[in-house]
Amino acid sequence: MRPFALSSLLVLIAVGFAQEPATQESPNVKKRKRTVLVIHGGAGVPTPAEMKADGVTRHDYEQTLARSLEAGYRALRKGTNVDAVEAAIRVMEDAGMFDAGRGSVFSSDGRVEMDASIMVGTMLGSGEGRLDPKKRAGAVASVAHVKNPISAARAIMEMDGGRHVLLIADGAEQYVFGDGVRQKYGIERVSNLYFWTDRRLRQIRELHANDAKKRAAVERSAEARFGTVGAVAVDAKGRIAAGTSTGGTTNKMPGRVGDSPILGAGTYADDRACGVSCTGTGELFMRHVVAHDVVARMVYGKRGVDVAAKESIDALPDDSGGLIALDSQGRHAFAITAKTAGMLRGHVTEDGEIWVAIDAGEAERRVVVERDR
Ligand code: ASP
């Protein structure tokens with residue numbers, strides 16, 4: 001037994017960041033309260049200078065994460081895991097502070113195009129041991145007028161008969177703006193201008209400026225900071241839902257689609273293991289099917305959620321991004337690549353305690369939503 005105990009201890013030490021919620025700082029974890037919802041607001045952290053230029057503070061980010069967790073928690077109490085994921089993500093899509101919904105980054109042609117997906121973790125169909133042919137999942141890509149892309153992804157997931165999983169651009173918009181769908185899912189049609197924020201305009205103008213130095217600096221900063229949003233919720237029966245929403249990567253080619261709407265790459269849910277939402281350089285997450293990789297490590301490799309998350313992320317280049325994961329028992333993990341400065345993140349426990357953190361290695365702090373904001 002001894003060598004096993006020692007190696008377990010080494011693994012626990014090695015998982016550092018992914019295990020962070022299980023470290024001493026968080027009294028919540030000592031009591032092992034179940035996490036019911038975990039969220040992220042993108043890997044990479046805006047610098048103090050960037051926050052100043054945007055007129056926001058760390059406190060604003062923490063409060064927005066907390067409001068998202070609160071909205072998701074309330075939705076879970078009244079409804080389902082899918083309601084919780086959608087509600088939490090909608091708050092971040094509306095905030096104007098993330099790379100999702102309002103505040104999304106610009107493509108190189110000066111337009112905003114967004115991607116989103118949502119998935120439920122039920123795996124088995126009626127035939128013994130067979131996978132559910134209608135496993136619930138929905139996604140949109142390259143939409144430019146849908147105020148809340150996560151709700152559009154949900155509408156596609158819940159299409160009659162599970163007909164389609166992923167719709168793109170005009171086809172997706174035509175479907176979700178149809179009368180019945182629009183009303184049922186609270187989908188609003190907005191002009192592309194609605195998504196534009198000063199921060200993103202500054203970013204894209206500098207990227208297209210003649211000053212090569214300035215351009216290189218913005219490129220570096222845009223590549224290091226992501227801002228995609230994601231959420232994973234688990235209900236009292238251990239059923240999982242996961243979702244991700246993004247404006248993609250700054251200055252992307254028109255029509256470029258990242259990992260966020262690609263099931264298995266940016267989002268995945270499997271009740272036998274966990275739900276995952278990723279953020280970072282989408283091309284890498286697609287090439288290595290990262291969200292499903294975490295699940296596979298749990299299902300086939302018998303890892304715990306924290307070890308699986310850490311292993312999947314550590315296999316990527318040092319500045320790729322990060323992910324959140326939540327298993328069916330209510331244990332969550334955060335993981336980011338070695339040179340990523342942090343990830344806006346948080347979780348809420350089954351009794352409604354809200355915890356958030358921003359920088360790499362920072363323990364989550366308990367916060368309370370301020371009412372007069
Ligand atoms: N993963 C997203 C994409 O590549 C970007 C992000 O996480 O911010 O589209």
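Let me start with Cys274. In this predicted model, the cysteine sulfur closest to that of Cys274 belongs to Cys278, and the distance is 9.9 Å, which is too far for a bond. A disulfide here would need the two sulfur atoms within 2.5 Å, so Cys274 and Cys278, at 9.9 Å, do not form one. Taken from the other side, Cys278 is in no disulfide either, and its nearest cysteine sulfur is that of Cys274. The search over the whole structure gives 0 disulfides.

What about burial? Cys274 has 0% relative accessibility and counts as buried. Cys278 has a relative accessible area of 1%, so this residue is buried as well; the cut-off for buried is under 20%.

Now to the ligand. Where does the ligand sit? It is in the largest cavity. There are 14 residues around the ligand, and the ones that come nearest are Thr228, Arg256, Asp259, Thr279 and Gly280. Sorted by class, that shell contains 10 polar, 3 charged and 1 nonpolar residues.

Next, the individual contacts. On the side-chain side, Arg256 places an N or O atom 2.7 Å from an oxygen atom of the ligand. Thr279 also uses its side chain, with a polar atom 2.8 Å from a ligand oxygen. Gly280 contributes through the backbone: one of its polar backbone atoms is 2.7 Å from a nitrogen atom of the ligand.

How much of the ligand's accessible area does the protein cover? On its own the ligand has 270 Å² of accessible area, and the protein covers 100% of that.

To recap: 0 disulfides in the whole structure, Cys274 buried, Cys278 buried, and a ligand in the largest cavity.

Terms used
Residues are numbered from 1 along each chain as its sequence is written. This is a predicted model: local features need pLDDT of at least 70, side-chain atom pairs count only at pLDDT 80 or more; totals for chains, interfaces and linings use all residues. Side-chain values use heavy atoms; hydrogens and water are left out. A residue is near a molecule or strand if one of its heavy atoms lies within 4 Å of it. A polar contact is a pair of N or O atoms within 3.5 Å; within protein, one must be able to donate a hydrogen and the other to accept it, and residues adjacent in sequence count only if both atoms are side-chain atoms. Accessible areas come from the Shrake-Rupley method with a 1.4 Å probe; for residues, only the protein chains shown count as cover. On a 1 Å grid over the protein atoms alone, a cavity is a set of points where a 1.4 Å probe fits but cannot get out, and a pocket is an open set with protein on both sides within 12 Å along at least five of seven lines; lining residues have an atom within 4 Å of a point. A molecule sits in a cavity or pocket if more than half of its atoms lie within 2 Å of its grid points. Ala, Val, Leu, Ile, Met, Phe, Trp, Tyr, Cys and Pro count as nonpolar, Asp, Glu, Lys and Arg as charged, and the others, Gly among them, as polar. Buried means under 20% relative accessible area, exposed over 50%, partly exposed in between (1.4 Å probe, protein chains only).
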